[in-house]
Amino acid sequence: EMQVELRLDQTLQSAVKVTVFQKSRTDDVTVSHLWTNAEGRISLRLSPGHRYLLDAVAFAAAPEGGDAVWRTYWASLTFAAPE
């Protein structure tokens, strides 16, 4: 099992959806979603030999005076579980 913290500008992010892409040894991909807890953490059960991509996105209001409606902040983490 692995614990991961999600931060934005050093602040832990609670109640944020994290998308988990898990790729098996045979290249089958499964997609699931976890939500960070009150401490900004998720807990993953890892499968030996599988590869992972974790992805989260945060939205904020755009600065006034521009054409943008919002800003987005993306976080990604890739890793493989040992065999």
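Biologist: Let's start with R51. Which residue does R51 form a salt bridge with?
Modeller: Keep in mind that this is a predicted model. In it, the closest N and O atoms of the pair are 2.9 Å apart, and a salt bridge needs a side-chain nitrogen of Lys or Arg within 4 Å of a carboxyl oxygen of Asp or Glu. The partner of R51 is D27.

Biologist: How many residues apart in sequence are the parts that R51 and D27 tie together?
Modeller: Look at where each one sits: R51 is in strand β7, while D27 is in the loop between β4 and β5. The pair therefore ties together parts whose separation in sequence is 24 residues.

Biologist: Is D27 buried, partly exposed or exposed?
Modeller: Buried means under 20% relative accessible area, and exposed means over 50%. D27 has a relative accessible area of 45%. That value falls in between, so D27 counts as partly exposed.

Biologist: Staying with that loop, which residue in the hairpin of β4 and β5 takes a positive phi?
Modeller: The two strands run antiparallel, with seven bridges joining residues 17-23 to residues 29-35. Between the strands there are five residues, and the one with a phi near 70 degrees is D27.

Biologist: And within those paired strands, which residue in β5 stands opposite T19?
Modeller: β4 covers residues 17-23, and its partner β5 covers residues 29-35. Across from T19, in β5, you'll find H33.

Biologist: On to another pair. Which strands do R41 and E5 lie in?
Modeller: Their side chains meet in a salt bridge, at 2.9 Å from N to O. The pair ties together parts that are 36 residues apart in sequence, because R41 is in strand β6 and E5 is in strand β1.

Biologist: Which residue is linked with E5 and R41 in a network of salt bridges?
Modeller: We've just met R41 and E5 as a salt-bridge pair. The network has one more member to name, and that is R7.

Biologist: How many residues apart are R45 and E1?
Modeller: These two side chains also meet in a salt bridge, at 3.8 Å from N to O. R45 is in the loop between β6 and β7, and E1 is in the segment before β1. So the pair links distant parts of the chain, and the separation is 44 residues.

Biologist: Last one: what is the area of the nonpolar surface patch made by F59, V69 and W70?
Modeller: A residue needs over 30% relative accessible area to join a patch. V69, in the loop between β7 and β8, is exposed at 64%. Together with F59 and W70, V69 makes a patch of about 390 Å².

Methods. Residues are numbered from 1 along each chain as its sequence is written. This is a predicted model: local features need pLDDT of at least 70, side-chain atom pairs count only at pLDDT 80 or more; totals for chains, interfaces and linings use all residues. Side-chain values use heavy atoms; hydrogens and water are left out. Two strands pair if DSSP finds at least two bridges between them. Helices (H or I, at least four residues) and strands (E, at least two) are DSSP runs, numbered from the N terminus. Patches are made of residues with over 30% relative accessible area and no salt bridge: like charges are joined within 9 Å, nonpolar side chains (Val, Leu, Ile, Met, Phe, Trp, Tyr) within 5 Å. Accessible areas come from the Shrake-Rupley method with a 1.4 Å probe; for residues, only the protein chains shown count as cover. Buried means under 20% relative accessible area, exposed over 50%, partly exposed in between (1.4 Å probe, protein chains only).
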